[in-house]
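Trainee: I'd like to learn how to read a model like this one, feature by feature. Could you walk me through it?

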Amino acid sequence: MKIVRVRNDEGIVYGAVEPEGIRLYKGSPLFEWESTEVVAPFDSVQLLAPVFPTKVVAVGRNYADHAAEMGSGIPDAPILFLKPATSVIGPGAPIVLPPDSKNVHHEAEVAVVIGSVARNVRAEDAASVILGYTAANDVTARDIQRADGQWTRGKGYDTFCPLGPAIETEFDPLEGAEVICRVNGEIKQSGPTTDMVFGVAELIEYVSRVMTLLPGDVILTGTPSGVGPIVDGDVVEVEVESIGVLTNPVVKA
Ligand code: MG
């Protein structure tokens, strides 16, 4: 099932993608929801980020080829950082380049969407707290990240976490979906989810030992090699095979 969050004439509602349109639901898949008789045509709704998390937990250098291009090796344990909820935007919304940076990069990633309260979850139980997966762009002001020596500012700007277009509940990263980034139609990144250094189950165990994950929270699982700059006027797409394509224009502040 592909779950979307949309805005229509009546407000913001959840829905599920069907061949002829989006089946609208009452409630939320994070708590309780119920399908309605209404199927909205695709062009009658605006897609939003499929969740609005309380936090986005991200993992650094989780693909060996990306760690190498950043001049480092594979970490012994997951490198965690947080992106603020206010960095989240949906499909089609612009990534706004901050005046503080001259080198903003795309990072195509798979995002895990948490479906229930998760604290001290063992890796073997991780599937029980996952609602599904979506595509993400861990947009990064690389010059600021390097200058600061930590990542909060460089990765925390408003609009630096596009999510979407849908939450695929049947997705399994162990099947090796390709994670792709295109800028203006040209492929810049491509790598299979099976190249992750730390897998999703291990990440959920590691993160949930530290902080309680709430329904709608998101874990970004790292990016394959090929990160590079995006500039004013670009269109950046993150595609995760069998999830969909997340498209965002890039504009100057
Ligand atoms: Mg990243």
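Mentor: Sure, let's start with one residue, V117. At 56% relative accessibility, V117 counts as exposed, because the cut-off for that word is over 50%. Keep in mind that this is a predicted model.

Trainee: Where does V117 sit in the chain, and which residues does V117 touch?

Mentor: For location, you look at which elements flank the residue. V117 belongs to the loop between β11 and β12. For contacts, you set aside the neighbours within four places in sequence; V117 then meets V129, T212, L213, L214 and P215. You can also check a distance along the chain against one through space: V117 and G92 are 25 residues apart in sequence, and their C-alpha atoms are separated by 30 Å.

Trainee: Okay, on to the metal. Which protein residues are donors of the magnesium ion?

Mentor: With a metal, you list the donor atoms and their distances, then see where those residues fall in the sequence. Here the protein donors are E107 (OE), E109 (OE) and D138 (OD), at 2.0 to 2.1 Å from the magnesium ion. Their spacing along the chain reads E-x1-E-x28-D. Two of these donors tie distant parts of the chain together: E109 is in strand β11 (residues 108-114), while D138 is in the loop between β12 (130-137) and β13 (140-141), 29 residues away.

Trainee: Are E109 and D138 buried or exposed?

Mentor: E109 is buried, and D138 is buried as well.

Trainee: What about K83, then: buried or exposed?

Mentor: For a lysine, check the accessibility, then ask what the side chain reaches. K83 is in strand β7 (residues 79-83). Its relative accessibility is 2%, so K83 counts as buried. The side chain of K83 reaches the backbone oxygen of F160 at 3.0 Å. Beyond four places in sequence, the residues touched by K83 include the magnesium donor D138, along with K55, V56, V139, K155, F160, C161 and L220.

Trainee: You mentioned C161. How many disulfides does the model have?

Mentor: The test is a sulfur-to-sulfur distance, with a cut-off of 2.5 Å. By that rule the count is zero.

Trainee: Why is there no bond between C161 and C181?

Mentor: Because the closest cysteine sulfur to that of C161 is in C181, 14 Å away, which is too far for a bond. Looking from C181, the closest is C161, again at 14 Å. As for accessibility, C161 is at 0% and so counts as buried; C181 is at 0% and is therefore buried too.

Trainee: Now strands. How many residues of β15 are buried, and which strands does β15 pair with?

Mentor: For a strand, you look at its coverage and then at its bridge partners. Strand β15 (residues 178-183) is mostly covered, with five of its six residues buried. β15 pairs with strand β16 (residues 186-192) in the antiparallel sense, over six bridges. Among the partners, V179 is matched with G191, and V183 stands opposite E186. β15 also runs antiparallel to strand β19 (residues 235-240), with five bridges joining them; there, I180 has E239 as its bridge partner.

Trainee: What happens at the turn in the hairpin of β15 and β16?

Mentor: In a hairpin, count the residues between the strands and check the phi angles. This one has two residues between β15 and β16, and N184 takes a positive phi near 50°.

Trainee: In what order do the strands of that sheet come?

Mentor: To read a sheet, follow the pairings from one edge to the other. Five strands make an open sheet in the order β9-β20-β19-β15-β16, and the pairing is mixed. At the edges are β9 (95-97) and β16, each pairing on one side only. From one strand to the next, the twist averages 20°.

Trainee: And which strands form the three-stranded sheet?

Mentor: That open sheet is antiparallel and has the order β13-β10-β18. Its edge strands are β13 and β18 (228-229), each of which pairs on one side only. Strand β10 (residues 104-106) is joined to β13 by two bridges, running antiparallel, and H105 faces T140 in β13.

Conventions. Residues are numbered from 1 along each chain as its sequence is written. This is a predicted model: local features need pLDDT of at least 70, side-chain atom pairs count only at pLDDT 80 or more; totals for chains, interfaces and linings use all residues. Side-chain values use heavy atoms; hydrogens and water are left out. Donors are N, O and S atoms within 2.8 Å of the metal (3.2 Å for Na, K and Ca); water is not among the atoms, so sites may look incomplete. Helices (H or I, at least four residues) and strands (E, at least two) are DSSP runs, numbered from the N terminus. Buried means under 20% relative accessible area, exposed over 50%, partly exposed in between (1.4 Å probe, protein chains only). A polar contact is a pair of N or O atoms within 3.5 Å; within protein, one must be able to donate a hydrogen and the other to accept it, and residues adjacent in sequence count only if both atoms are side-chain atoms. Contact means heavy atoms within 4.5 Å. Two strands pair if DSSP finds at least two bridges between them. Axes are lines fitted to C-alpha atoms, for helices over the stretch in contact, and angles run from 0 to 180 degrees between N-to-C directions.
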